[in-house]
Amino acid sequence: MRLFSRPGGLSVRTRVLAAVVALSALGLTVAGGVALGLQRGEITQNIDDSLRRSVEEFNTLAEIGVDPDTGRDFTEAAQLVRTAMARTSPAANEGMVGIVDGRVQLAASSAVPLRLEQDAQLMERILAMPPGDRIQLSSVETAQTTYRVVTVPVQLSSDPAQSTFVLAFDYEAELEELNGIFRTYGLIALIALILIAGVGWLVAGRLLAPVRLVRETAQKITETDLSLRIPVTGNDDLSELARTFNEMLDRLQASMTAQRQLLDDVGHELRTPITIVQGHLELQDPGDAEDVESVRSIALDELDRMRLLVDDLVTLAAADRPEFATRHPLEVGRLTDDVLDKARSLGDRRWSVDARAEECWPLDPNRITQAWLQLAVNAVKFSGPGSQIALGSRSAQGELRLWVRDEGAGIAPEDQKRIFERFARGANSTRAEGSGLGLPIVSAIAAAHGGRVELASAPGRGSTFTIVIAEQQPEQEEAA
């Protein structure tokens with residue numbers, strides 16, 4: 001299954017796997033190459049050391065050795081070379097010859113497997129070397145193999161003949177064991193790469209599964225269905241991506257649901273005043289001044305109601321914006337008195353203050369006053385003239401509580417949650433006019449302050465609406 005691949009391109013899974021295999025192959029190749037180079041160098045050094053020791057032994061024989069045939073010092077160079085060859089035990093891939101007067105006259109015993117004299121190209125190269133008294137260590141490549149050769153010129157004062165003692169290692173044969181080891185290493189490395197590719201394919205598939213689910217979920221989501229979610233397991237970065245994607249879908253679904261509900265509710269609420277105005281305009285008598293004035297008055301009333309509805313909708317639409325509530329320290333006691341003074345003009349009631357919090361809290365004065373007065377408006381609507389309406393504020397246990405208490409009709413338990421929904425009305429809604437958006441606006445303002453609205457009510461015993469705002473943390477204050 002392809003994961004986020006372009007048409008005709010490689011999937012993310014394939015590209016990740018290719019990168020892992022390529023890096024593994026590069027690492028194995030570099031490690032093997034370095035090890036091979038070090039081992040080849042060590043073998044070359046061992047060969048050279050062995051040849052140098054043989055030369056040192058030859059020199060020692062030449063200086064203090066005795067000719068076994070005469071029991072005296074060596075007088076012939078050829079005899080010195082013959083004796084040295086007899087006393088030398090070549091290694092498995094080592095051979096030797098003796099050259100006298102430009103011809104190969106001395107050969108190693110038949111027990112020595114490497115026969116230098118049988119490689120005509122090698123002999124030709126050695127014989128072509130310029131005569132001299134200097135020991136030479138060099139590499140000679142022939143059609144058969146590559147040799148590591150040391151030539152020791154031998155010249156005695158008692159013997160005019162020029163002799164040369166030649167020792168050589170078959171360099172390629174010495175490397176054969178090492179090459180076999182690294183051929184095995186190469187086979188094992190290839191098997192390891194195959195295993196890495198197989199395991200990597202499975203692991204990459206599991207790791208990228210959340211990404212595939214995000215893609216498949218995004219493809220299945222339509223404008224009318226945002227209910228799909230990605231199953232999340234684990235706590236890694238990709239799981240966090242899936243959680244974030246689900247949270248985004250939650251926000252989108254909530255936003256689209258609210259938008260559809262708003263459009264449905266607005267259409268329902270605006271349909272009534274439009275129908276009323278249209279009906280009266282169609283039926284009015286243009287020649288009857290009294291009828292025209294009556295229709296005009298009705299139309300203006302309905303348009304005012306529509307304007308109030310639009311204003312409330314605009315307020316709710318702005319509630320989700322960060323700048324909806326701008327908070328700064330505010331004296332709650334003074335705010336309580338100000339709201340009470342403004343509320344007195346709402347109706348003929350016995351207005352009072354239950355309690356007053358004498359401290360500062362981070363609040364938006366305009367928004368919190370709007371919400372508090374809206375609760376007071378509701379209290380007036382659902383209570384009778386002369387009844388008591390009390391406002392209060394209190395700070396305790398890290399919460400600020402702002403309430404309005406009335407002696408009105410109260411709210412039935414089954415309506416207490418529903419009245420906070422847009423355009424919802426309780427059983428007593430016939431007693432009051434309004435858009436049905438007052439309490440949702442209060443809830444939105446409370447939520448913008450990081451709080452909530454609580455309701456304590458019972459039919460016939462009045463109601464107490466309380467705005468509860470939790471204490472704001474310092475980082476929240478800076479963000480606000």
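A crossing of two helices is called right-handed if the near helix is turned clockwise from the far one by less than a right angle, and left-handed if anticlockwise. In this predicted model, the crossing of helices H8 and H9 is right-handed. Helix H9 also lies across four strands, S7, S9, S10 and S12, which belong to an open sheet of 5 strands with mixed pairing.

**The sheet**
- The strands follow the order S7-S9-S10-S12-S11, and S7 (350–355) and S11 (451–457) stand at the edges with a single partner strand each, so one side of each is left without a neighbour in the sheet.
- Neighbouring strands of this sheet are turned against each other by 15° on average, with direction ignored.
- Strand S10 (residues 399–406) pairs with strand S12 (residues 463–470) in the antiparallel sense over 7 bridges, and leucine 402 stands opposite isoleucine 467 in S12.

**Helices on the sheet**
- Helix H9 (residues 365–381) runs at about 25° to S10 as it lies across S7, S9 (388–396), S10 and S12.
- Helix H10 (residues 438–448) packs on the sheet and touches S11 and S12, its direction making about 135° with that of S11.

**Helix H8 against helix H9**
- The axes of H8 (residues 332–343) and H9 come within 10 Å and cross at roughly 45°; the two helices are therefore oblique to each other.
- On the H8 side the contact is made by Leu335, Thr336, Val339, Lys342 and Ala343, and on the H9 side by Ile368, Thr369, Trp372, Leu373 and Ala376.
- Sorted by class, this contact of H8 with H9 has 7 nonpolar, 2 polar and 1 charged residues.

Key. Residues are numbered from 1 along each chain as its sequence is written. This is a predicted model: local features need pLDDT of at least 70, side-chain atom pairs count only at pLDDT 80 or more; totals for chains, interfaces and linings use all residues. Side-chain values use heavy atoms; hydrogens and water are left out. Two strands pair if DSSP finds at least two bridges between them. Axes are lines fitted to C-alpha atoms, for helices over the stretch in contact, and angles run from 0 to 180 degrees between N-to-C directions. Contact means heavy atoms within 4.5 Å. Angles under 35 degrees count as roughly parallel, over 145 as roughly antiparallel, 65 to 115 as roughly perpendicular and the rest as oblique. Ala, Val, Leu, Ile, Met, Phe, Trp, Tyr, Cys and Pro count as nonpolar, Asp, Glu, Lys and Arg as charged, and the others, Gly among them, as polar.
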